[in-house]
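Student: I would like to go through this structure and ask what each term rests on. Please set the values against the criteria as we go.

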Amino acid sequence: ESMTVQEFAKIMGKTAAEVIKKLMNYGILATINQEIDADTATIIATDFGFEVTVEKEEKEDIWLTEETPDDPETLEPRPPIVTVMGHVDHGKTSLLDAIRQTNVTATEAGGITQHIGAYQVEHHGRKITFIDTPGHEAFTAMRARGAQVTDIAILVVAADDGVMPQTIEAINHAKAAGVPIIVAVNKIDKPNAQPDRVKQQLTEYGLIPEAWGGDTVFVEVSALKKIGIEELLEMILLVSDLKELKANPNKPARGTVIEAQLDKGRGPVATVLVQSGTLNVGDAVVVGLTYGRVRALVDDKGRRVKKATPSMPVEVLGLNDVPSAGDILVVVEDEKTARTLAEKRQNQKREEELRASNKVSLEDLFKHIQEGKIKELNIVLKADVHGSVEAIRQSLTRLSTEEVKVNVIHSGVGAITETDIMLASASNAIVIGFNVRPDSNARKLAEVEKIDVRVYRIIYELLDDIKAAMAGLLEPEH
Ligand code: GDP
């Protein structure tokens, strides 16, 4: 709820001028009749020495974000969900194919592998789920939508090519998500392969092999000659054991959409990774803005199945419309409930689109710091030359104070791209360009995602802006 400066001043027994003066201290230029929001009012009132208690409206959880925590006794181990990342042409697709082919068992020979967006293999009787779209772009796009499904990232690095720009991007994207990395040093069949050089290069990014005193798992593989595949699977299971991945299979399902499309014959089809509970044919579901009753479930071998358990990917048929990747599927009581929820969500979304976004911008940084909402300022940094990247990265990091830590979550040479914007969106970061600009796609995406993108040509101006923002003194941009 908002009120005008004048109304607000009256409540506090102050003059409007006093309030306007206080607002100016925070870099807000307001007139008497200007509306101020509850957050701002809280800060100003506190400044005048009032104690503020904010009354929370009881809101219906139409997005079903609150999942009742499971009793530990109901939890059972679940398969790990793995994403393959790395530089272009280093062998991500080949590796995914090699893993899939190596593990087609006799019983499944009849089933033809379907590309539904994810697949499962078995190793020593245990299952592993692989997301079929390699690369950190899809991974981060999902994260930007609030969905994180990946438990482990496989970083593919070609032994003949070594660490390349997208290798570094992948590392930073996985780190920003807090996902452990297993390094697959690929193409070791090549005569010019230099696996040790790859290991050496990766130490710079904190990925240090166990043999060298670190804790990163490295596996040497050849996707082409199918060398090291079993060992890689072994290591995935090992890392997943350390993470103790568990879920309660005996409750209504929750899952995430990883792919969806409109199929000519079958209608809307969504590939869902079940994350907890069990999804059954006949369940009423709400999925993002869509809903329906599960008419059929199809697994990654093209077989109809009656149910899907945690970490299992399935195609879900029976939705009224095509959901988006990253949407959460939740089973509800009945189809009527599902429909009502979906309709409420659509209305809310429409309203929200009209309202401003809550992404960080330098201008409201100080407010968020004051409210304790922000303790870290995440930055994606791009510059024209490597030297500047390093110099600015270090200077930025040194701006950290006791209240706010400045984190450069990704830095690199070159224009600001869509991937940078997605990473910023997923990590609630701002994007800084030094002597580089966003390309046109990135500019469009930044508008949609409401990402604060700033470009500079002079280092001290850049640093001054960040310092000013942290102190609440930033002049609004013109
Ligand atoms: P992606 O862009 O990372 O998905 O890479 P691809 O899987 O498309 O592979 C790029 C190229 O490298 C293709 O020509 C593959 O045949 C080749 N390649 C992939 N893995 C290996 C390998 O282990 N050894 C050799 N010699 N070539 C490989």
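Tutor: One criterion comes before the first item: contact means heavy atoms within 4.5 Å. Note also that the model is predicted.

Student: Across which strands does helix α4 lie?

Tutor: Helix α4, residues 92–102, lies across β4 (81–86), β5, β6 (126–131), β7 and β8. Its direction makes an angle of about 50° with β5. Helix α6, residues 165–176, lies across β4, β7 and β8, at about 170° to β7. Angles run from 0 to 180 degrees between N-to-C directions, so a value of about 170° means that α6 and β7 point in nearly opposite directions.

Student: What makes β7 and β8 a pair?

Tutor: Pairing takes at least two bridges. Strand β7 (residues 152–158) and strand β8 (residues 181–186) are joined by six, so the criterion is met. The two strands run parallel, and V157 stands opposite V185 in β8.

Student: In what order do the strands of that sheet come?

Tutor: The order is β5-β6-β4-β7-β8-β9, six strands in an open sheet with mixed pairing.

Student: Why are β5 and β9 said to stand at the edges?

Tutor: β5 (118–123) and β9 (217–220) each have a single partner strand, so one side of each has no neighbour in the sheet. On average, neighbouring strands of this sheet are turned by 30° against each other, direction ignored.

Student: Which residues come nearest to the ligand?

Tutor: D89, K92, T93, S94 and D189 do, out of 15 residues around the ligand. Membership in that group takes a heavy atom within 4 Å. α4 gives the most to this shell, with three residues. By class, the shell holds seven polar, five charged and three nonpolar residues.

Student: How do you know that K92 makes a polar contact with the ligand?

Tutor: The limit for a pair of N or O atoms is 3.5 Å. A backbone N or O atom of K92 is 2.8 Å from an oxygen atom of the ligand, so the pair qualifies. The side chain of N186 has an N or O atom 3.1 Å from a ligand oxygen atom, which also falls within the limit. For L224, a polar backbone atom lies 3.2 Å from an oxygen atom of the ligand. The protein covers 73% of the 580 Å² of accessible area that the ligand has on its own.

Student: What does P195 touch?

Tutor: P195 is in helix α7 (residues 195–203). Leaving out residues up to four places away in sequence, P195 touches A159, V185 and E220. E376 is 181 residues from P195 in sequence, and the C-alpha atoms of the two are 36 Å apart in space.

Student: How many bridges join β20 to β21?

Tutor: Eight bridges join strand β20 (residues 376–383) to β21, and at least two are needed, so the two strands pair. They run parallel, with V380 opposite H410 in β21.

Student: What is the order of the sheet that holds them?

Tutor: Four strands form this open sheet in the order β21-β20-β22-β23, with parallel pairing. β21 (405–413) and β23 (453–456) are the edge strands, each pairing on one side only. Neighbouring strands here are turned by 25° against each other on average, direction ignored.

Definitions and conventions: Residues numbered from 1 in each chain as written. Predicted model: local features only at pLDDT ≥ 70, side-chain atom pairs only at ≥ 80, totals over all residues. Heavy atoms only, no water. Polar contact = N/O pair within 3.5 Å; in protein donor to acceptor, adjacent residues only side chain to side chain. Areas by Shrake-Rupley, 256 points an atom, 1.4 Å probe, with all protein chains shown as cover. Nonpolar A, V, L, I, M, F, W, Y, C, P; charged D, E, K, R; others polar.
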